[in-house]
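Colleague: Please take a close look at the interior of this model and describe, in one connected account, what is found there.

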Amino acid sequence: MRHALATLVLGLFCLVPPAGAKDRAVTIGLMVDSPADLPMALRIATALDHQGGLRIVPMAGKGPSQTLTDLVHLEGVDAALLPSDTLAYAVREDLLDVKTSKISYIVKLASRSLVLLARKDVESLAGLAGKRVAVGTTADENFVSARLLLDATQTIVDEAPLSGEAALTGLADGSVDAAFLTADDAAALLGRHKLRGIHIVPLPLPDALAEAFAPALLTADMVPGLLKKSETVETVSSSLILAVFEWPKGSPQSLTTKAFAAALFDALGRGGGAGLNLAASVPGWTRARVAEELLAAPAAIQPVNAEN
């Protein structure tokens, strides 16, 4: 996933906005849930600058749940990059005071697989019961996924608010028995840690979470040193999506969202989204109406002014 996302980022960065008439500036506040995704927002801003009079303003959020809440309530936040399982978590925790149909997505940008590392005596998710487990904090992407899985399987653990480097350090020194990581973190960090007696725990997709995750496979390049070249381990994955609030059709906000979606689809269609399926569906989410309209009429996928 890291390679695919890097390709997308590079492609967007290399695109040069087409020359055209200078339109009235239309500002889009684009929030990201974590600093790791800020480069993507910056590249999107660069690629779409002045298309149809657009100006994209990237901003840093405070974790997936808060970013989703800010998309609904915070003035100036028009779109958000966040993991797709955030919506299922927000519903379960009663964090939203609007119907889920009011939140939609424009495009799926990448898949995000989850990795559960544990000591050899832990053979399944249920085997974590009573053990010290690094699940991260509410600001970490892996926290939402971990909590959904643990709750769906009614597995009670001693939670450690550790993620990334700190989680692997805890595994190495024995202060935690298991750790949830994103595959991105695993690929970046495992080469720097010598983990003895640690393995990958399979994570089959629970039926109750079919609208939060999709099944996926971990491969050797995703978890360096823990799998042989031909080995795979089942896990679950969410998606990195571009989410928006579903404004009433014809409203000024809806027209702004349409301008943003059209410019983004045009940029991705001109080579910024190599291998990206603009029509890819996302479990548990509804595609934004403006995105559906653009996909139904591919010729319309071009920059438009929000006044049109």
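Modeller: A residue is called buried when its relative accessible area is under 20%, exposed when it is over 50% and partly exposed in between, with a 1.4 Å probe and protein chains only. This is a predicted model, in which local features need pLDDT of at least 70 and side-chain atom pairs count only at pLDDT 80 or more, while totals for chains, interfaces and linings use all residues. Residues are numbered from 1 along each chain as its sequence is written, and side-chain values use heavy atoms, without hydrogens and water.

A search of the whole structure turns up 4 cavities of 30 Å³ or more (sets of points on a 1 Å grid where a 1.4 Å probe fits but cannot get out, lined by residues with an atom within 4 Å of a point; the volume is the space filled by probe spheres on the points). The largest cavity holds about 80 Å³, and its lining consists of Pro83, Asp85, Arg112, Ser113, Leu114, Glu141, Ser145, Thr182, Phe213, Val236, Ser237 and Ser238. At least two lining residues come from each of strand E4 (103-119), helix H5 (141-152) and strand E10 (232-245), where helices (at least four residues) and strands (at least two) are DSSP runs. By character this lining divides into 4 nonpolar, 5 polar and 3 charged residues (Asp, Glu, Lys and Arg are charged; Ala, Val, Leu, Ile, Met, Phe, Trp, Tyr, Cys and Pro nonpolar; the others polar).

Ala216, in strand E9 (residues 214-219), counts as buried because its relative accessibility is 17%. Leaving out residues up to four places away in sequence, Ala216 touches Ser113, Val233, Glu234, Thr235, Val236 and Ser237, a contact being heavy atoms within 4.5 Å. Of these, Ser113, Val236 and Ser237 also belong to the lining of the largest cavity.

Helix H5 also takes part in aromatic packing: the model has 2 aromatic pairs, that is, rings of Phe, Tyr or Trp (its six-membered ring) with centres within 6.5 Å, stacked when the planes are under 30 degrees apart, edge-to-face when over 60 and tilted otherwise. The ring centres of Tyr89 and Phe143 lie 6.2 Å apart with planes at 80°, so this pair is edge-to-face. The pair joins distant parts of the chain, with Tyr89 in helix H4 (residues 85-92) and Phe143 in helix H5, 54 residues apart, and both Tyr89 and Phe143 are buried. Tyr89 is also among the contacts of Ser65, which, leaving aside neighbours within four places, include Thr86, Leu95 and Val144 as well; Ser65 sits in helix H3 (residues 64-73) and is buried, at 14% relative accessible area.

Strand E4 has a further role as part of the cover over helix H6 (residues 164-173), in which Gly164, Ala167, Leu168, Gly170 and Leu171 are buried. Seen down the axis of H6, these buried residues fall within an arc of 155°, taken over the directions from the helix axis to the C-beta atoms, so they line one face of the helix. Besides E4, the cover includes strand E5 (132-134), strand E7 (178-182), helix H7 (183-189) and strand E8 (198-200).

Strand E10 returns at the second largest cavity, of about 60 Å³, where E10, helix H8 (252-272) and helix H9 (289-296) each supply at least two lining residues. This lining is made up of Val244, Phe245, Glu246, Trp247, Ser254, Thr257, Ala288, Arg289 and Val290, dividing into 5 nonpolar, 2 polar and 2 charged.

Terms used. 1 Å grid on protein atoms, 1.4 Å probe; cavity = no way out; pocket = protein on both sides within 12 Å on 5 of 7 lines; lining within 4 Å.
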